[in-house]
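Trainee: I have a model open in front of me and would like to work through its fold with you, one piece at a time. Could we go through it as questions and answers?

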Amino acid sequence: MKYIAIDLGLKRIGLAYSAHKEIVTPLPAIIRKNRNQASLEVKKAIKEWEVDAVVIGIPLGGSSEDEMRRRIEHFMNLVDFEGETFYQDEAGSSLEAEQMMKGKIKYIRDGRVDSLSAMIILQRFLQLNTK
């Protein structure tokens, strides 16, 4: 199975890819100008990487879970993805991504942290769901 993970943000969308459960690669993030442009770019990435399933980070159990799930479902309707969509708890993934980058790369809001966050989300999903 080939997966793409999405860390959906209002300004940037982090992406990560995996075709082998041991290897997850962050992809260039999408700078979000509007939802139509963002959904088209996500759709393009899914097609380019020939993805079977999408894993989306969501804050599970929090007060914002229902609202976030509604927003994510709306966004994925725009992406018009035919394959399976999975939700994975994203709790702490952005902090973990920032820790990975500390001191190594000057912190620039170019989406690298967002894509590292997507990578962490996908790694968590694969650890829980593939044997």
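Trainee: What covers the buried residues of α2?

Mentor: Bear in mind throughout that this is a predicted model. In α2, the buried residues are E65, M68, I72, F75, M76 and V79. What covers these buried residues includes one helix segment, α1 (35-48), together with the strands β1 (3-8), β2 (12-20), β4 (53-58) and β5 (84-89).

Trainee: Within what arc do the buried residues of α2 fall, seen down its axis?

Mentor: The helix α2 covers residues 65-79 and reaches 21 Å from its first C-alpha to its last, close to the 21 Å expected at 1.5 Å a residue. On the other side of α2, D66, R70 and N77 are exposed. The buried residues of α2 line one face of the helix, because seen down the axis they fall within an arc of 100 degrees.

Trainee: In what order do the strands of the open sheet stand?

Mentor: The open sheet has 5 strands with mixed pairing. Its edge strands are β3 (23-31) and β5, each of which pairs on one side only, and the twist averages 25 degrees from one strand to the next. Read across the sheet, the order is β3-β2-β1-β4-β5.

Trainee: Which residue in β4 does A5 stand opposite?

Mentor: The strands β1 and β4 run parallel and are joined by 4 bridges. Looking across to β4, the residue that A5 stands opposite is V55.

Trainee: What angle does the direction of α2 make with that of β4?

Mentor: The helix α2 packs on the sheet, where it touches β1, β2, β4 and β5. Another helix, α4 (residues 112-129), lies across β1, β2, β3, β4 and β5 and runs at about 40 degrees to β2. For α2, the angle between its direction and that of β4 is about 150 degrees.

Trainee: Does D80 count as buried, partly exposed or exposed, and what is its relative accessibility?

Mentor: D80 follows α2 and lies in the loop between α2 and β5, with a positive phi of about 60 degrees although it is not a glycine. Since the partly exposed range lies between 20% and 50%, D80 counts as partly exposed, its relative accessibility being 44%.

Trainee: And in which class does E50 fall, buried or exposed?

Mentor: E50 lies in the loop between α1 and β4, and its phi is near 50 degrees, a positive value in a residue other than glycine. Exposed means over 50% relative accessible area, so E50, at 54% relative accessibility, counts as exposed.

Methods
Residues are numbered from 1 along each chain as its sequence is written. This is a predicted model: local features need pLDDT of at least 70, side-chain atom pairs count only at pLDDT 80 or more; totals for chains, interfaces and linings use all residues. Side-chain values use heavy atoms; hydrogens and water are left out. Helices (H or I, at least four residues) and strands (E, at least two) are DSSP runs, numbered from the N terminus. The expected span of a helix is 1.5 Å times one less than its number of residues. Buried means under 20% relative accessible area, exposed over 50%, partly exposed in between (1.4 Å probe, protein chains only). The arc is that of the directions from the helix axis to the C-beta atoms. Contact means heavy atoms within 4.5 Å. Two strands pair if DSSP finds at least two bridges between them. Axes are lines fitted to C-alpha atoms, for helices over the stretch in contact, and angles run from 0 to 180 degrees between N-to-C directions.
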